[in-house]
Amino acid sequence: MSSRLPPVLGEWIDRSQSLTIRFDGQRYAGHPGDVVSSALWAAGVRVLGRSFKYHRPRGILSLANHDVNTLMTDDAHINLRGDVSPLAEGMDLRAVNTAGGARADRRRLFDKLSAFMPVGFYYKAFHRPKALAHFWERFFRRMAGLGEINVDSPRLYTPKRYDFRDLLVIGAGPSGLAAGLCAAHSGASVLIVEENAQAGGSLGYARGGSDTNHERLEELLAQAKQLPHLEIRTGTCAVGYYADHWIALVEAQRMTTLRARAVIVSTGVMDQPAVFRNNDAPGVMFASAAQRLIYRYAVKPMHRAVVLTANSEGYEAALDLDRHGIGVGAVLDLRPEGESTDLAQRVTSANIRVLKGYGVSEAIARNDRLTGVRIFSVDGQARLPIPNSEVLSCDGLLMSVGFAPAAALLYQAGARMSYSEITHQFYPRELPKGVFAAGRVNGVFDLPYRLEDGKRAAQEAVRYLGFSTQPNPIVPPQRRWPTHPYPIFAHPDGKNFVDFDEDLQLKDFANAAQEGFDNIELMKRYSTVGMGPSQGKHSNMNAIRILANLRGETVDKVGTTTSRPFYHPVALAHLSGRGFHPVRRTPLHSLHAELGAAWMPAGNWQRPEYYARSDQDKNECVRGEVRAVRESLGLIDVGTLGKMDLYGPAAGEFLERVYAGRCANLKVGMTRYGVMLDESGVIIDDGVMARLSDQHFYFTTTTTGSATVYRELTRWNTLWRMDCGIVNLTGAFSAMNLAGPKARDLLAKLTDLDLSHASFPYLGVREAQVADVPCRLLRVGFVGELGYEIHTPAEHAHHLWTALMAAGNALGIRPFGVEAQRLLRLEKGHIIIGQDTDGLTTPLEARMEWAIKMDKPFFVGQRSLRIVAPRQRKQVLVGFTLDKSHSGAVPKECHLIIRGNDIAGRVTSIAFSETLGCHIGLAFIIPELAEEGTAFAIRADAGKMVSAVVAKAPFYDPSAQRQRDY
Amino acid sequence: MNLILDTKSGFQPEYGSQFNQPPDAISMAFGLLRFALSRDYPEARMFRTPERLKPTYDAVIIGAGGHGLASAYYLARDYGLTHVAVLERNYLGGGNTGRNTTIIRSNYLTPEGVAFYDESVRLFQDLAQDFDLNLFYSTRGHFTLAHTDATLRTMRWRAEVNKHLGVDSELVGPEFITRACPQIDLTCNGHAPILGALYHAPGAIARHDAVAWGYGRGASQRGVEIHQQTEVTGIDVRGGKVVGVKTTRGYISTSKVLCAVAGFTPRVLNMVDLRSPLYIHPLQAMVSEPMKPWLDPIFVSGSLHVYVSQSARGELVMGASLDPYELHSTRSTLDFAEGLAAHILDMFPFLSTANVVRQWAGMADMTPDFAPIMGKTPVEGFYLDAGWGTWGFKATPVAGKTMSYTLFNDRDHDLIKGFRLSRFAEYELTGEKGAAAVGH
Amino acid sequence: METRRSALHDLLQQHNPRWSAMNGMLAPVSMDDRRPTIALADASCMHRMGVKGSQAEVWLHSQGIEMLPGINAWVRTPEGTLVARLGRTEFFLEDSPSATTTTRLRSTLRAASGLTPVIRQDCAIVLSGERTNELLTQTCSVNFAAYSDADRFAILTSMVGVSVLVIWELHTGQRGYRIWCDPSFAAFLWETLLGIAQELGGGAVGLGALIPEVVR
Amino acid sequence: MKIMLCPINGPRPVSEFVCAGEVREMPHPPTCSDAQWSDYVFNRSGVPGIKKEWWYHASSGVWFIAERDTTADRLLRTYLLGEESK
């Protein structure tokens, strides 16, 4: 039977269309504009979920995402909130964490066992005997969790964006709207965000049986339309406040990160539950929830109601029910003196019985539905239960006993909140610069005052923003405190819930305190109060009151727990947005692809590891590339190397300071290898420096080092103020290494430069046109053959590579990748920073004394080297070979060198050299074993011991003839 | 309103019988039964809250976090030193002990590190029994993912050192990873394909708060005084010796002070004029809504700056690398959550609609070589337990063991010799840094 | 024979543009005639150069570049060359299709005390269309909407994680942005911007659609 | 996101910057003791307070000094090295 009301003024639903969904397998209908909970409630469903621990039946409590009674799951959503999720055609929802659905949940027997499960019970057991611990661990793991993941649901990319405003107003209730309107008049750009589907807040649903509030709302919205600077964004929740007015706004499809210059928080308040036995029975709900059901969704919350209240809001709710034909059995007013406003009169004249000084001792439910409430007179010393106390029959109980400010964002912004013993509410005592609070979150409750307070905040904000110079207005203090100081009634039979998420009962708090967890933070951690998905929205306030009560201290003294983002949970896809991952490409990228490059990552670059050939496996390809370099000609893209220009009179002197070797004496037209250290003397980078003119050096860094080296060098020069300028050409320049016996023959075809050894010797550098494009040629021998590293502006690279390959065809040129280069350089005994060195390697351990000049006046790292130089090395880098006849397990990089039972070093590089016919490598080894010819043992995979011999590097062409005097 | 619970009894320090129960099988059943049977809640106070400070103690421990309480516990249990005060400026276990992501492992890179953390993992095994408190210690297996061959090399290095020292640790391939976690996207959305991983079977998680409570209760039972809301304002040093401690609740004379305050260490070192390489950066984390268990192992990826595990409550506990600059506060940033979310989805794309409920931060006390600073200091009677950066929780038991030994004997415990403060001046750094891109 | 090649050349192929040689580079002068809500074009073909150092300003004056912009601002010389000042002492010059200033200056520029030549190989992207700001708010944290069309700022910032130089001016009555980035990031930047633009009804266009001058 | 103020490029989100740590005075290498040098290399003044730090605006390559309260993460002022007085 449907509880849908006849059309209600301002309802959000569209009756012209109907939608069908499934919940726990049953089909239900609703309308566009419904949320899942409203549609189900309209269809008479009362059990929308089961509680986390005891699996108790749960219905609508707040209908505002202040609890998770209505947590559901489908194939797309892990934990969908029925109270705020718009109804969509075809939804197929299940209540989370049940065995057999919300209604039939087989785990509901846990409720009977609750006596065995007091606060923190899981700490008290299940860990012994040790043998059983794992069983229990697995059991609890099974029981844990709420919604289920669906591995097949796709990665969602969301159009996250930045936004900017002078003023952000959070919450489009009366005070927020008043504030936004007022501020927009000043010329400031204003955005009002509202988490609900429509603006208005309580103006829309708290009507006290009349239409005036609704009409007032229409007015405000009409005025807003007139203001060009003012935007109202509904369905948008401010979930987090971060430094410098940086606010995360979450909409259905995306997150917007907004930078405001000032913020007005008008987020209102959250209804707080009364704590009594069975206060979680389906049918017991906040007054505001019932009003939302009526005015937003035109749903009858119940057929016969009782109202438990301590404020005018409860009386208004009673009138709202009455107006829509819902019988109100009684208004129970916790206040002995009752209601002072004319609402009292209006309620009695509606023939509604009012019982002053009365409360509810327990709710009575049958078949998971509320059937009545047992009432009692709250004054006097009486302890519950009170014998034969009256039961009022009803299928719905409205709670309106007080509020807690929705102040999460204020806390996050750094506001100081205090508890007022008059209003019995936390209020912002001190606000940070540019942050303002208005309306009920600011402790202002009567509508006219809330509108005034909104204007007041707006005027302060625009003044702060410099749009006005008027002095801040004073708002007359109001005199109405709707919040009850202690709406908590102990019942010996318990089941009086404080935290509905976590199934925490009143006694759990006393017990936690008894165990010593009587500090709010400790209590939170031990009892987990406020740690559920709704993050304490409906439970923290009562928890604090209970603790204050237990400790006999004021609420203010007890204080609150820290409020952290997020106010409402945020989906990972909203946070990640599109997830940008910048990658770099050399200008030769497409050519490598065409040549069949097998890619490997190098920092944020992609480099060809080798060039795949259909008829060969990786090793064959690599060997082929190596052979090409050794026997004829190879070409490799080394454009990922860092490349820097350094100009100026002090250029040489500058390099002297940042490289460990000698630089200033480098002759024009020559190059030199250099190693760079940090201040502790550890190797951080290496490269080749070339002197193109007296005041012009060009030098390279490692691929991964380029950005950091450039940054650090510019910092040094900011400090030293030397007369030179550094330019980072890493991306602007391409570089390719042409290597092999026939390198000169090829180059000769493409350039007029005199390549003869006499005029362009080994380690020389020249600037010349190659294939009609300007190039810098460095004659270096990293791979141990006659070679030219050719550097050219990026936009010419494609042309140059193509020309070289074309001209090289006849000479058997072959492109080679990183893998071949690694072997080639290993044959030459050249180290790779980061592979043959680690985070603590000094040039002394790397045996690179030849590359450091301690007699220089200064270089970065020198002073530290002076300290460690006299010391015995812990380890040194040596070359080694395996026996030519070696077969079986081959050590890998980072396999350990073992002497006796001790670690005596590790392999840093190893490969099989076809040229030399054996495995060669580099290793760190203790000095005792570093002597050339010393045999040592490497522990390879599966513990196989392999013997190796320390050998002199370079292994190939030690005299460097092939690259030198060719 | 007189309908208020009578909880007076809750405030007398009385000790329940369960403390001297033998660890037998029925005790579990009893553990729960007693709640149902007894009319009054049968549990005693876990830790006493003494009214006032005594004028003198044999030793003062600054910081009632895991490390401080563990040290107090072992001082009392193993050395009978019970006339000890643990001073806490805020509340017990409220610092990084309650903020970390509870990962426990010993697959470090250096022999010093491995031996140290391995002892810690060993001690964790029996802790629940020692405490008679369920710590939800849960062995899940720990994967450190390698997305580049360089990382793969480092992983092999760690695996080899670990194996050499008898720690269960190995280099595994993608197929092994898929078997342990079929849900993972091995290509990481194409831009960081997983080449392999360092697999550490003993990798575990535990309920971090409970560890602190267990040590606290154990220490308190044995007579140690835990003073919360008691801030140390100065340390009285005369002739290079500690003679007393100034606090917001009065002066204490003592000859031994242990400093175990993580992110606050530099402030305390200042009180005794010691300089150190410690620098403080926030470490942030976030947690998802509870979901039905699906993620068994713990995953760490240095390249993606991610570590993630699923807690006993079903929440995904997620973290990333340190914040990029010094800050002595625990504020959260949105860019952290944004970046971490993107990387989590690279590994587990189907989590797109999974909700993050809360983010938080701790203050990590970092060192240049990613190893702690422990032991004696140039100030006689002042002992340091610091440099815990992002790896302090897993060391809680062994830090307590070794620091209690060090304090009692005034001699550095063998396990921590490599972590001495003087190693920096001596250029004898330990090499953990190589292994720790994301050091959890 | 063109020896210059845009870092976007291969990506542009798929839009089969009409290529036309400009300054030794094949430029995609036209694609189709539609005018999308957001139009992206590759303007890498222009000649450009850079110079920095304490003497850069003096040197430019000596080369006949009279009026120089302020910090992080730009001007256009009478012959149409864009001159942007990056920070205090670095200058970035880019010729319009017709101008030849940078070619001339490059040939005379010699490093000296306080004078550092900067070889520029930037990829240049032109961005225009009524939904351009939506694209920018999804990719860059700078609030470009807050600047007026008349502002002549040169903004160095980060866009989708890539360092860029951004300016804007009116193209055929509509605000158009010019974005320069390191050529090694060009493909990523272009693909990312184009992908988002396409979601918003935008797409790639020939350079001529935004800078008619190039087709004249 | 936190705003950092670049003296040249103005206010930008902190993600555009790299912090290179506290400004430290290098002792004179030839004359200082080993202890002084290792103290310079390794030790930091980790105590919270107002510190002078090196900051780098990555998109423009500008190095500058920021005076920042490391407890509240509050920026006091920023300037180019040597222009402190301006």
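Helices (H or I, at least four residues) and strands (E, at least two) are taken here as DSSP runs, numbered from the N terminus. On that basis, chain A comes out with 25 helices and 48 strands, while chain B has nine helices and 20 strands. The model is a predicted one, so local features need pLDDT of at least 70 and side-chain atom pairs count only at pLDDT 80 or more, whereas totals for chains, interfaces and linings use all residues. As for bookkeeping, residues are numbered from 1 along each chain as its sequence is written, chains are lettered from A and ligands numbered from 1 in the order in which they are written, and side-chain values use heavy atoms, with hydrogens and water left out.

Chain A first. Its radius of gyration is 39 Å, set against a value near 30 Å for a compact globule of 966 residues; the radius is taken over C-alpha atoms, and the globule rule is 2.2 Å times the number of residues to the power 0.38. The C-alpha trace of chain A spans about 115 × 75 × 55 Å along its principal axes. Of the 966 residues, 66% count as buried (buried is under 20% relative accessible area, exposed over 50%, partly exposed in between, with a 1.4 Å probe and protein chains only). Contacts, meaning heavy atoms within 4.5 Å, lean on distant sequence: in chain A, 67% of those with a separation of 6 or more come from residues 24 or more positions apart. About 33,400 Å² of chain A is exposed, and carbon and sulfur atoms supply 51% of that; the areas come from the Shrake-Rupley method with a 1.4 Å probe, and for residues only the protein chains shown count as cover.

Turning to chain B, 67% of its 440 residues are buried. Of its contacts between residues at least 6 apart in sequence, 76% join residues at least 24 apart. Its accessible surface is about 13,600 Å², with 53% belonging to carbon and sulfur atoms. As for who touches whom, five pairs of chains touch, and chains A and B make the most contacts among them. Chains B and C do not touch, their nearest C-alpha atoms being 12 Å apart.

Next come the rings. Over all chains, the search finds 56 aromatic pairs, where rings of Phe, Tyr and Trp (its six-membered ring) pair if their centres lie within 6.5 Å, with planes under 30 degrees apart called stacked, over 60 edge-to-face and the rest tilted. A:Phe654 and A:Trp720 make an edge-to-face pair, at 5.9 Å centre to centre and 65° between the planes. Since A:Phe654 sits in helix H20 (residues 651–658) and A:Trp720 in helix H21 (residues 706–720) of chain A, this pair ties together parts 66 residues apart in sequence. A:Phe654 is buried at 0% relative accessibility, and A:Trp720 is buried too, at 18%. The rings of D:Trp54 and D:Trp63 are also edge-to-face, because their planes are at 90°, with centres 5.8 Å apart. D:Trp54 is buried at 3% and D:Trp63 at 5%. In chain B, ring pairs link B:Phe143, B:Phe176, B:Tyr199, B:Trp294, B:Phe299, B:Phe348 and B:Phe350 into a cluster.

One member of that cluster, B:Tyr199, turns up again around B:Glu170, which touches B:Ala159, B:Ala197, B:Leu198 and B:Tyr199, leaving aside residues up to four places away in sequence. B:Glu170 lies in strand E6 (residues 170–172) of chain B and is partly exposed, at 33% relative accessibility. Between B:Glu170 and B:Pro277, 107 residues apart along the chain, the C-alpha separation is 33 Å.
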